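Me: I have a new model open and would like to learn how to read it. Could you walk me through a few features?

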Amino acid sequence: MSVRVKLTLSYAGFLMLAGALLMAAVWVFLLRYVPNRAKLYDPDDRPEGGVFPVRSALLEVFAPRAAAVLAFLLVFGLVGGWFLAGRMLAPLTRVTEAARMATSGSLSHRVRLPGRNDEFRELADAFDTMLVRLEAHVAEQRRFAANASHELRTPLAISKALLEVARADPDRDTGELIDRLHAVNTRAIDLTEALLMISQIEQRSFARQRVDLSLVAEEATETLLPLAEKHRVTLETEGDIAPTVGSPVLLLQLATNLVHNAIVHNLPERGTVRVRTAVRPETVTLTVENTGEPVTPELASTLTEPFQRGTERVHTDHAGVGLGLAIVKTIAHAHDGALTLAPRPGGGIRVTVELPATTAQTGG
């Protein structure tokens, strides 16, 4: 049976029960006190005289009327309960229709249930919120798949073209061809590994332990110091001990990506990269900012999207695969943190990672 039928029968059943209890109350508090035998009254005591009605006579009159009343209550309960149940379940019907549309692939619709804030309104609002997030997630996944396909197709197409040239000219020196194929193949491998890393991080299957974010930042800057010297970029590090809980490997990858991007996408000469850690009441932060060309707020807000590159990235030997900040964002979210990007007034960009703080005693 449907929920509407069950509610209808429930309403009718309760109405019948109330009617039966009412009839029982009439019997208990009224009819039971009526005598079973007829009584004659003295005309002197009762001027009107006559015979007092007995219980059997009253039952003969009362029982058919009581049965009629119960029959009416049954019909009234069924009909009224059917309409009342339909009215009560109408919001749930709208949510059900929206769910059916979602299963068919349409995520742009919303329930938008009007009325007061009751349980059905809360359910509809929660369902609408889920649809908004699901639509955004699906759109992001489609965009990510399209960009990944495009990025992977490029090195494969280049490799195919180089091999076709080598086949057409067997006498050509293969040294240059091998070098170019090696570079293209390395880029394709890096891209594939980055995609796999993002997929693994999103599953949150890594072990967590106490990590000092300041030590992680220091290790990342020391590792990338030769690259900074090559690009004539000055690295500056400062900050407090910033304890958090997470994966040391992933947090090191996060810091390395941020510092690497800050070095590569900097001024041609005499650039600066500042790495700072700080402690707040409930969070710890890692801030990496660099000098460089002015960045608009609109461009800064899109740099964390997969395969999004600034215009200067295409012309550098360390352009990467366009997933550096996307990996940073994924790692931050996997650690229940947040990533924000903001342009610096004098040029360049400031990237801040905020993670939950832990006490210094955590982890021993």
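Me: Where in the chain is confidence lowest, and where is it highest?

Reply: Happy to help! This is a predicted model, and where pLDDT is low, the predicted coordinates should not be read in detail. Here the mean is lowest in helix α4 (residues 174-202), at 77, and highest in strand β5 (residues 283-290), at 94. Over residues 311-318 the pLDDT falls below 50, though this stretch has twelve contacts in the model beyond near neighbours in sequence. Residues 360-364 are also below 50, with four such contacts. For the chain, the average is 79, and 84% of the residues score at least 70.

Me: Thanks! Which residues touch the most other members of the largest nonpolar core?

Reply: That core has 47 residues, and L254, L258, I263, V273, L286, L323 and V353 touch the most other members. Helix α7 (residues 248-264) supplies the largest share, nine residues. There is also a second, separate core of nine residues, with V95, V111, A124 and L131 among them.

Me: What is the phi of R270, and is the residue buried or exposed?

Reply: First the general idea: most residues other than glycine have a negative phi. R270 goes the other way, with a positive phi near 55°. R270 sits in the loop between α7 and β4 (271-279). Its relative accessible area is 78%, so R270 counts as exposed.

Me: And where does D336 lie?

Reply: D336 is in the loop between α9 (324-334) and β6 (338-343). Its phi is positive too, near 60°. D336 has 51% relative accessibility; the cut-off for exposed is over 50%, so D336 counts as exposed.

Conventions:
Residues numbered from 1 in each chain as written. Predicted model: local features only at pLDDT ≥ 70, side-chain atom pairs only at ≥ 80, totals over all residues. Heavy atoms only, no water. pLDDT = per-residue confidence, 0-100. Helix = DSSP H or I, 4+ residues; strand = E, 2+ residues; numbered from the N terminus. Contact = heavy atoms within 4.5 Å. Core = buried A, V, L, I, M, F, W, Y, C linked by side-chain atoms within 4.5 Å. Buried < 20%, exposed > 50% of the residue type's maximum accessible area, 1.4 Å probe, protein only.
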